Structures are given as C-alpha cells and as structure tokens.
Amino acid sequence: MTSQQTESRTGLAFWAPLIAAALALFIVVVDSTMMNVAVPTIVKDLNTNVSTIQGIISLYSLVMASLMLVGGKLGALKGVKRMFLIGLVIYGVGTLIAAVSWNATVLAIGWSLLEGVGAAFILPLAFALLVTNYGPREQAIGFGILGGVQASAAAVGPILGGILTTYFTWRLGFAGEVLIAIAIFPFARYVKEKVTAEEGTTLDWGGAFLSIVGLFPLVLGLI
C-alpha cells in the first residue's frame, strides 16, 4: 500500500491496523512475563509443583517459537488479516481455558498449546499488518511503536502479575487478555487483506516440519 492510499483514510480507520497489531502484540508479550511471579500461587491453587508450572511456561515458548515460521508463511499464503484473526481466536480460546483451569493439564492445554499456536500467528503477522496497510513512512512509525509496546509489556508484566497475585487472583491476568483479544476485533474491520505470496505458491510441509524439529531443541536448549 502506498502513502497516497493510506492518506485517503483518516482518524480511526487510519490507525486501526496499528492499534490492532499493538494490542495483540501486548497480550502475547505480557503473557510471557506476567505469570512468572505467580508461579507459587498457581502451584498452590492447582495442587501441583513448581517444576510442572515452569514446564508449562517453557512449553508455551517452545510451541510459539517452533511454529512462528509456519504462522508467517500461512499469512503470506492465505492472507495476513485472515490468519492474524484466526491466531487471535485460537489465542483467546486458550487464554479463556487457562483462566478457568482446574488442574495443571487443563492449564497446559490452554496456555502452552493453544496460546502457543495462536501466538505463533500473532507475532509475525502483527508486523506484517503494518507492511500491508501502510506506506514506508507510516511503516517506520508503526515499527517503532510496536517496539515500544514490546518493551513496555515486558516491563509491565511482572508488576501486573505481582499486583494481581497479591491482591486478587492470577486468573484475572488471563481473563484480562481475553477481554483485550475481543476488543481487537472492532479495529480489525479496518484492516486491509493482503496475500503476499505469489500465485500457485504452497506451504512446504517438509520444510515446515524440519523447521519445527530444528527450532524446538534450539529454543529448549536456550531455556
């Protein structure tokens, strides 16, 4: 999209794609840091142990990192907006399950698996939304804002998690993410759809499998 095309949109219609990307990026990043401080409370509430909860947190990162290349490629093939919203729905459902989880297994399904898959779409496609909806000048501004959102979410996460754990419940952290995910959809109506892959291009399933096999142990080693 050229600068002239973006100039024809004003107000909310102009900023909506950036707002949608920023909110989605915020909940994904804050989720990674917010619950670390709540581990002892989660252990007590779910009658489990610290190693199990730490494993669930690590598995979330592993699933997200392993599938991120696939998520980005599917966005190029099927449409950036479409796959971004599909990822957001998967993430929202996973977050809701995590919020109402009654044992560690249910928490792992919601948090580690569903949220991890959803985040693998959201992270790369949040940036792709800027490329498909703005011209070069606006993209530079948007990337700067998204970088600030990432840094802010990483810093706010432990503070927010500590407040919720001390005065309320850790479940409100996940519940808040669900509300933010829902709030993104009204902004998404202004997002332009774009398929960036050349016609006839398909997903290399063998390459996708090898990327997962390669990234999973690499991220596991770093964790």
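Start at the surface: select Ile159, Ile163, Tyr167, Phe168 and Leu172, and you'll be looking at a nonpolar patch of about 570 Å². Keep in mind as you go that this is a predicted model.

Now colour helix α7, residues 136–167. Three residues of the nonpolar patch come from this helix, the largest share. Pick out tyrosine 167, which sits in helix α7. Is tyrosine 167 buried or exposed? With a relative accessible area of 63%, tyrosine 167 counts as exposed, because the cut-off for that word is over 50%.

**Next stop: a salt bridge**

Show the side chains of arginine 137 and glutamate 138. How many salt bridges does the structure hold? Just one, and you've got it on screen: glutamate 138 pairs with arginine 137, and their closest N and O atoms are 3.4 Å apart. Switch on a surface and compare the two partners. Glutamate 138 is buried, at 7% relative accessible area, whereas arginine 137 is exposed, at 55%.

**Then the helix pairs**

Hide the side chains and go back to a cartoon view. Select helix α4 (residues 50–78) together with helix α6 (residues 104–133). Their axes come within 6 Å and cross at roughly 30°. That angle makes α4 roughly parallel to α6, because anything under 35 degrees counts as such. Turn the view until one helix lies in front of the other: the crossing of α4 and α6 is right-handed.

Leave α6 on and swap its partner for helix α2, residues 11–34. Which way do α2 and α6 run relative to each other, roughly parallel or roughly antiparallel? Here the angle is about 150° and the axes are 9 Å apart. The angle is over 145 degrees, so α2 and α6 are roughly antiparallel. As for handedness, α2 passes α6 in a left-handed crossing.

For the last pair, select helix α5 (residues 80–100) and helix α8 (residues 171–188). What angle do their axes make? They cross at roughly 155°, coming within 8 Å. That makes α5 roughly antiparallel to α8, and the crossing of this pair is left-handed.

To finish, bring the patch back on top of the cartoon. Leu172 is one of the residues making that nonpolar surface, and residue 172 falls within the 171–188 range of helix α8. Tyr167, another member of the patch, is in helix α7.

Terms used:
Residues numbered from 1 in each chain as written. Predicted model: local features only at pLDDT ≥ 70, side-chain atom pairs only at ≥ 80, totals over all residues. Heavy atoms only, no water. Patch = residues over 30% accessible without salt bridge, like charges linked within 9 Å, V, L, I, M, F, W, Y side chains within 5 Å. Areas by Shrake-Rupley, 256 points an atom, 1.4 Å probe, with all protein chains shown as cover. Salt bridge = Lys/Arg side-chain N within 4 Å of Asp/Glu carboxyl O. Helix = DSSP H or I, 4+ residues; strand = E, 2+ residues; numbered from the N terminus. Buried < 20%, exposed > 50% of the residue type's maximum accessible area, 1.4 Å probe, protein only. Axes fitted to C-alpha atoms, helices over the stretch in contact; angles between N-to-C directions. Parallel < 35°, antiparallel > 145°, perpendicular 65-115°, else oblique. Left-handed = near helix turned anticlockwise from the far one by under 90°.
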